[in-house]
Amino acid sequence: MKAILLAGGRGTRLRPLTLHTPKPIVPIFDRPFLDYQIELLRRVPEIDEVILSLNYQPRRIEEMFGDGAGRGLSIRYVVEPVPLGTGGAVKYAGDRLTDSVVVFNGDVLTAIDLDAVIRLHRERRATATIVLTPVPDPTAYGLVETDDLANVRRFIEKPDPSEITTNLINAGIYVLEPETFDRIPRDVSWSIERSYFPSLVEDGSTFVAYVYDGYWIDIGTPEKYLQVHRDIMDGRFEAAPFKGLTGDRILAASTARVDPAARLEGPCFLDEGVTVKAGAHVGPHAIVGRQGRIDEGARVSASILWPNARVGAEATVQDAIVGRSCHVGRSAIVTGGAVLGDRSTLTDFSRL
Ligand code: GDD
Ligand code: MG
């Protein structure tokens, strides 16, 4: 069985982080996001190949994952000449498939049991099976109405507040029968959510819902990107590198140099080559990427620092994301959900 990972979006809501790093490989701690998804797909013995559907900065992603040999399944790349939208991308990547295929949005992290979804798809002899998950506010997602027998009755992408009739949304995980791809036009941008799913409802296809209320998140905004790190650190989502960790939950690489007069407060993560100077206070919920440097008396909490960041003496970084090779000047304050793009420099005493 094959799985198509839709990973060609531009990641606009994660800008400026995604200007130089495509969304599928933004780091979660020290690993690219797709690693976590591939791990989930690998747990399904039936899935022997992952087709990565890309168009934005594909080279970087190919270099990182190769043919998948080190990750226990085979990876193939399909690069669209132009973005074809979620439906066009499925058509382009799955054109010659004949068996049921798993389709997965490339920005979703979840602990779902995919085997169970595939089983339901088969039991119901479905044309399409979609995973639904409850959220407090469906307006940023695809709202899905079902009947008592878990058949999909309506699909409204990005509903207006007035259209909200349920808290169940499309989790971005499907099992599809390729015979339905003939309704997707070739080589034009086409949305699986706005066109393909509504068309299945309209023509009475067996379109089945699998409701999942375990851990699920779309990492596509800075808030959610911060949230997913907190969830892993606090054990709401069991995953490396914090899986099974109890106690102070301070994870520091062996090459990190922390001054004895600095304070680390868990949960926190210091990657290879990080330096923390005397009087600095790092954590809770701080992630300092490779070769980061936190100077004397600086304060870093509830934040993610990508590799090679430097936080000057007495500076504060709280509830913020700091891109690669940024320099936060001494006594500067960066807070309130600020997101600094790669190589930003903040002059000493700046307030952001
Ligand atoms: N190959 C390819 N080509 N991939 C694409 C394209 C494209 O043109 N456009 C988007 N994608 C990929 C994105 O990279 C992402 O992994 C996935 O398709 C979904 O796109 P998003 O842009 O993240 O959509 P969304 O989050 O607003 O909404 C989607 O996901 C929600 C769940 O997170 C929809 O599927 C909603 O219905 C759903 O609720
Ligand atoms: Mg998304």
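1. How many bridges join S16 to strand S19, and do they run parallel or antiparallel? Two bridges link S16 to S19 (residues 281-282), and the strands run parallel. In one of the pairings, Arg 263 has His 281 of S19 as its bridge partner. Please keep in mind as you read on that this is a predicted model.

2. Now to the sheet around that pair. Five strands form an open sheet in the order S16-S19-S22-S25-S28, with parallel pairing. Strand S16 (263-264) and strand S28 (333-334) are at the edges with a single partner strand each, so one side of each has no neighbour in the sheet.

3. On to the ligand, which you will probably want to look at next. The space that ligand 1 takes is the largest pocket. Helix H3 (85-94), strand S10 (152-157), strand S11 (168-176) and strand S13 (216-218) are the elements that give two or more residues to the shell around ligand 1. H3 supplies the largest share, three residues.

4. The shell is a mixed one: its residues divide into 10 nonpolar, 10 polar and eight charged. Of the 28 residues around ligand 1, those that come nearest are Glu 80, Glu 157, Asn 170, Glu 193 and Asp 218.

5. Here are some polar contacts to check on screen. The side chain of Glu 80 has an N or O atom 2.6 Å from a nitrogen atom of ligand 1. For Ser 53, a polar side-chain atom lies 2.7 Å from a nitrogen atom of the ligand. Asp 107 places a side-chain N or O atom 2.7 Å from an oxygen atom of ligand 1. Taken alone, ligand 1 exposes 740 Å², and the protein buries 91% of that.

Technical notes: Residues are numbered from 1 along each chain as its sequence is written. Chains are lettered from A and ligands numbered from 1 in the order in which they are written. This is a predicted model: local features need pLDDT of at least 70, side-chain atom pairs count only at pLDDT 80 or more; totals for chains, interfaces and linings use all residues. Side-chain values use heavy atoms; hydrogens and water are left out. A residue is near a molecule or strand if one of its heavy atoms lies within 4 Å of it. A polar contact is a pair of N or O atoms within 3.5 Å; within protein, one must be able to donate a hydrogen and the other to accept it, and residues adjacent in sequence count only if both atoms are side-chain atoms. Accessible areas come from the Shrake-Rupley method with a 1.4 Å probe; for residues, only the protein chains shown count as cover. On a 1 Å grid over the protein atoms alone, a cavity is a set of points where a 1.4 Å probe fits but cannot get out, and a pocket is an open set with protein on both sides within 12 Å along at least five of seven lines; lining residues have an atom within 4 Å of a point. A molecule sits in a cavity or pocket if more than half of its atoms lie within 2 Å of its grid points. Helices (H or I, at least four residues) and strands (E, at least two) are DSSP runs, numbered from the N terminus. Ala, Val, Leu, Ile, Met, Phe, Trp, Tyr, Cys and Pro count as nonpolar, Asp, Glu, Lys and Arg as charged, and the others, Gly among them, as polar. Two strands pair if DSSP finds at least two bridges between them.
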